[in-house]
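Open the model in your viewer and get ready to click along. We'll go stop by stop.

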Amino acid sequence: MNDPFAFDHHFVLITGGGSGIGRAIASCFVSRGAHVVVTGRREAPLRETVKRVGGAAVARVHDVSDLDSIPDFVAELERDVGPIGTVVNNAGINQKLPSLEVTDAQFDEVLATNLKGAVAMSRACAQRMVQRKWGDIQMITSMAAFFGLEQVAACTASKSALQGLVHQLAVEWGRSGVRVDGVAPGFIVTEMGRTALDSDPRAPREGP
């Protein structure tokens, strides 16, 4: 009987793979035989992920908020590594600011990575997947897309929009054999998770 969770010779692209949830996702795919490329803005954390997960994992520095660079980045990966079978849109940033104080520029900064970057990466990969009639796109959304959390308006807006796009893209691309799913993690202990839950920019801080 074939193992339904085997990913032998399957190429997986994971954005935001240098830490936290992205690193854990990379570890899971590698353990099931996948070839994994982890991307992110910082080289050192990406190399640490590759060191920890082992297997057929490589790191590529890339910023998903640089939207114009994404088509060439995907083309380069497919040329150098192979056809992308799964893309996991995990890259994300968070800000904890009162909604009355967050500026348009701060709001746009979150949308550029969490929403626009995920959409542009999905589109660039799906254009190739649709031609091949197979592929898998995963959106890492958030529980903030389903209920309110204080002082995370930009993140909530970006993840809510991403969750809505999961439904729309699944209908549009599904007929061509491309599956689109959303995963909304709960409260997971990661560096960004601690920041989201514990930090308050208005609170007094000890030390210099």
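Where in the protein chain is confidence lowest, and where is it highest? Keep in mind that this is a predicted model, and colour it by pLDDT. Select residues 191–198, helix H6: confidence bottoms out here, at a mean of 55. Now jump to strand S4, residues 86–89, where it peaks at 98. Across the protein chain the average pLDDT is 89, and 88% of the residues score at least 70.

Next, pick residues 200–208. Their pLDDT stays under 50, and the model has seven contacts for them beyond four places in sequence.

Time to go inside. Select Leu13, Ile84, Val87, Met121, Cys125 and Ile137: these have the most contacts within the largest nonpolar core, a set of 28 residues. Want to see which elements feed it? Show strand S1 (11–15), helix H3 (70–80), helix H4 (104–132), S5, H5 and strand S6 (178–183), each of which supplies at least two residues of this core. H4 gives the largest share, with nine residues.

Zoom in on Cys125. Setting aside neighbours within four places in sequence, you'll find Cys125 in contact with Leu13, Val74, Ile84 and Val87. Apart from this core lies another one, of 14 residues; Ala26, Val30, Val36 and Ala57 are among them.

Last stop, the surface. Select Phe146, Phe147, Leu149 and Phe187, a nonpolar patch with about 410 Å² of accessible area together. Leu149 sits in the loop between strand S5 (135–140) and helix H5 (153–174). Is Leu149 buried, partly exposed or exposed? Its relative accessibility is 35%, so Leu149 counts as partly exposed.

Notes:
Residues are numbered from 1 along each chain as its sequence is written. This is a predicted model: local features need pLDDT of at least 70, side-chain atom pairs count only at pLDDT 80 or more; totals for chains, interfaces and linings use all residues. Side-chain values use heavy atoms; hydrogens and water are left out. Patches are made of residues with over 30% relative accessible area and no salt bridge: like charges are joined within 9 Å, nonpolar side chains (Val, Leu, Ile, Met, Phe, Trp, Tyr) within 5 Å. Accessible areas come from the Shrake-Rupley method with a 1.4 Å probe; for residues, only the protein chains shown count as cover. A salt bridge is a side-chain nitrogen of Lys or Arg within 4 Å of a carboxyl oxygen of Asp or Glu. Helices (H or I, at least four residues) and strands (E, at least two) are DSSP runs, numbered from the N terminus. Buried means under 20% relative accessible area, exposed over 50%, partly exposed in between (1.4 Å probe, protein chains only). pLDDT is the predictor's confidence in each residue, from 0 to 100. Contact means heavy atoms within 4.5 Å. A nonpolar core is a set of buried Ala, Val, Leu, Ile, Met, Phe, Trp, Tyr and Cys residues joined through side-chain atoms within 4.5 Å.
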